[in-house]
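Please work through the exercises below with the sequence and the coordinates open beside you. Each one sets a task and then gives a solution in steps.

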Amino acid sequence: MSPPVIHSDRCLGRSKSPKTPCSWCAAAAHDVDALRDRAQELFSYVRVEERFNHEQTLEKVAHLKEQVNELKLETVNLKRSVASAREDVAEFKEIFQYLGTHSVPGLHRMFPIALAQRWGAKKFLERISAISWQFYPAELPPV
Ligand SMILES: [Zn+2]
């Protein structure tokens with residue numbers, strides 16, 4: 001028995017006679033066989049993405065979606081960290097600016113207190129400006 005002759009109506013290949021398929025259509029039977037064999041493989045043995053079945057592809061998509069979401073979350077966290085760091089830098093610049101334009105009596109004693117009391121930059125600025133204002137009210141207004 002001869003193999004079935006497959007010929008596509010949309011095929012642009014040429015054959016020697018109208019009853020024989022072109023080489024592309026002749027190879028289609030082998031492609032169909034290969035596809036059938038692949039479809040029968042246990043998907044637990046398939047490791048190559050190009051050979052995933054539908055279920056494996058869905059699992060892969062779900063896994064990739066999870067990774068994308070993790071990356072989005074990581075990006076949001078990094079953006080928040082950068083924003084927080086920028087605020088910190090701005091506060092330290094403010095302290096630097098303030099100390100450059102104001103006299104703060106006992107400034108050197110403020111640092112160990114700030115460290116022990118765990119003041120942030122904002123609180124440190126509030127404290128030094130309050131002291132400065134107390135002793136030198138005629139200077140530039142405190143922050
Ligand atoms: Zn053909």
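The exercises that follow concern a predicted model, and they go from the whole chain to single elements and residues.

**Exercise 1. Describe the make-up of the protein chain and state how much of it counts as buried.**

Solution. Begin with the elements: the protein chain has 4 helices and 0 strands, and from the N terminus onwards the order reads α-α-α-α. Next, turn to burial, where 4% of the 143 residues of the protein chain count as buried. Finally, take the contacts between residues at least 6 apart in sequence, of which 43% join residues at least 24 apart.

**Exercise 2. Check whether the span of helix α1 agrees or disagrees with its number of residues, and then describe its course and its covering.**

Solution. Helix α1 covers residues 23–40, which is 18 residues, and at 1.5 Å a residue it should span 26 Å. The end C-alpha atoms of α1 are 26 Å apart, so the two values agree. The helix nevertheless bends by about 25° at Ala 29. As to covering, the count of buried residues among the 18 residues of α1 is 0, and the helix is hardly covered.

In the segment before α1 lies Leu 12, which counts as exposed because it has 7 C-beta neighbours inside 10 Å, and 12 or fewer is the cut-off for that class. Leu 12 and Cys 22 are 10 residues apart along the chain, and their C-alpha atoms are separated by 8.9 Å.

**Exercise 3. Compare the UniProt annotation on residues 54–88 with the secondary structure of the model there.**

Solution. First, the record: an unreviewed UniProt entry annotates residues 54–88 as "coiled-coil region". Second, the model: over residues 54–88 the chain is 100% helix and 0% strand, with its end C-alpha atoms 51 Å apart.

**Exercise 4. Locate Arg 118, describe its backbone, and decide whether it is buried or exposed.**

Solution. Start from α3, residues 107–117, since Arg 118 has its place in the loop between this helix and α4. Among the 11 residues of α3 the count of buried residues is 0, so that this helix, too, is hardly covered. Arg 118 follows α3 and has a positive phi of about 55°, although it is not a glycine. To settle its exposure, count neighbours: Arg 118 has 7 other C-beta atoms within 10 Å, and it is therefore exposed.

**Exercise 5. Find which residues of α4 are buried, how they are arranged around the helix, and what covers them.**

Solution. Helix α4 has 15 residues and reaches 21 Å from its first C-alpha to its last, close to the 21 Å expected at 1.5 Å a residue. Its buried residues are Phe 124, Leu 125, Ile 128 and Ser 132. Seen down the axis of α4, these buried residues fall within an arc of 100°, so they line one face of the helix. What covers them includes α2 (54–101) and α3.

**Exercise 6. Show why Phe 124 counts as buried, and list what it touches.**

Solution. Phe 124 lies in helix α4, residues 121–135. It has 20 other C-beta atoms within 10 Å, and because the cut-off is 20 or more, Phe 124 is buried. Leaving aside residues up to four places away in sequence, Phe 124 touches Ile 95, Ala 114 and Trp 119. A further pair to inspect is Phe 124 and Glu 91, which are 33 residues apart in sequence and 9.7 Å apart in space, C-alpha to C-alpha.

Methods:
Residues are numbered from 1 along each chain as its sequence is written. This is a predicted model: local features need pLDDT of at least 70, side-chain atom pairs count only at pLDDT 80 or more; totals for chains, interfaces and linings use all residues. Helices (H or I, at least four residues) and strands (E, at least two) are DSSP runs, numbered from the N terminus. The expected span of a helix is 1.5 Å times one less than its number of residues. The bend at a residue is the angle between axes fitted to the seven residues ending there and the seven starting there. UniProt positions are given in the numbering used here, feature names are shortened, and annotations may be inferred rather than shown by experiment. Two residues are in contact if their C-beta atoms, placed from the backbone, lie within 7 Å. The arc is that of the directions from the helix axis to the C-beta atoms.
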